[in-house]
Amino acid sequence: MESKEALSSSETLEEDHNHEIEQDDDVISQKEILRAVEVVERDSIAIADSFSSLFASLRGALSQVTSSSVDHVQCFSDAAGRLQESALDSATKGNLYINSCLRLNEEMRGIDTLAMQLKVLRRNVDALDTAVSSLVRLP
């Protein structure tokens, strides 16, 4: 019976030892879980900081682009306004030039008759000059 008791006592010791190992495993497992949670928490904070920095940078870039776009639109508006003023000024001057040309054309319509009269007068002057020259050359 002593061997049964010794065996039983030995089994009890082994069970106690196994129970201690399981408790140690539970403690180790809990420590590992806590460490893993701490690592995840640190990584999450680092990722959140990265996102915060990224969004701040994007916000700054968007603000700068928006400001540049507003400046470009204002510049375009100014240039378009000046172009419109120049186009209107050019059109006005072009109309004045066309009207001057039309008046000159109207005034020049009678010039053909005057030109014919001048040709006839020129022939008569040439004939007179020839006649006077021939009279003056007589000995």
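Accessible areas here come from the Shrake-Rupley method with a 1.4 Å probe, and for residues only the protein chains shown count as cover. This is a predicted model, where local features need pLDDT of at least 70, side-chain atom pairs count only at pLDDT 80 or more, and totals for chains, interfaces and linings use all residues. Residues are numbered from 1 along each chain as its sequence is written, and side-chain values use heavy atoms, with hydrogens and water left out.

**View 1. The whole chain: two helices, zero strands.**
Helices (H or I, at least four residues) and strands (E, at least two) are DSSP runs, numbered from the N terminus. Helix 1 covers 2-108 and helix 2 covers 111-136. The chain exposes about 12800 Å², with carbon and sulfur atoms supplying 60% of that area. And the buried share? It comes to 0% of the 139 residues, where buried means under 20% relative accessible area, exposed over 50%, and partly exposed in between (1.4 Å probe, protein chains only).

**View 2. A nonpolar surface patch of about 610 Å².**
Patches take residues with over 30% relative accessible area and no salt bridge, joining like charges within 9 Å and nonpolar side chains (Val, Leu, Ile, Met, Phe, Trp, Tyr) within 5 Å. This one is built from Leu 104, Met 108, Ile 111, Leu 114, Leu 118, Leu 121 and Val 125. Both helices chip in with at least two residues each, but helix 2 gives the most, with five. Leu 118 is one of the patch residues, and Leu 118 sits in helix 2.

**View 3. The salt bridge between Lys 93 and Asp 89.**
A salt bridge here is a side-chain nitrogen of Lys or Arg within 4 Å of a carboxyl oxygen of Asp or Glu, and the structure holds three. In this close-up, the N to O distance between Lys 93 and Asp 89 is 3.4 Å. Both residues belong to helix 1, four residues apart, or about one turn of the helix. Lys 93 is exposed at 54% relative accessible area, while Asp 89 is partly exposed at 39%.

**View 4. Two salt bridges made by arginines, Arg 109 with Glu 106 and Arg 122 with Asp 126.**
For Arg 109 and Glu 106, the closest N and O atoms are 3.7 Å apart. Arg 109 counts as exposed, with 55% relative accessibility. The closest N and O atoms of Asp 126 and Arg 122 are also 3.7 Å apart. Asp 126 and Arg 122 share helix 2, with a spacing of four residues, about one turn of the helix. Arg 122 is exposed at 56%, and Asp 126 is partly exposed at 37%.

**View 5. The stacked rings of Phe 51 and Phe 55.**
Rings of Phe, Tyr and Trp (its six-membered ring) pair if their centres lie within 6.5 Å; planes under 30 degrees apart count as stacked, over 60 as edge-to-face, and the rest as tilted. That rule yields one aromatic pair. The ring centres of Phe 51 and Phe 55 are 6.1 Å apart and the planes lie at 20°, so the pair is stacked. Both residues lie in helix 1, four residues apart, about one turn. Phe 51 is partly exposed at 45%, and Phe 55 is partly exposed at 48%.

**View 6. Cys 75 and Cys 101, with zero disulfides in the structure.**
The search for disulfides (cysteine sulfur atoms within 2.5 Å) covered the whole structure and found zero. Cys 75 is exposed, with a relative accessible area of 52%. Cys 101 is partly exposed at 34%.
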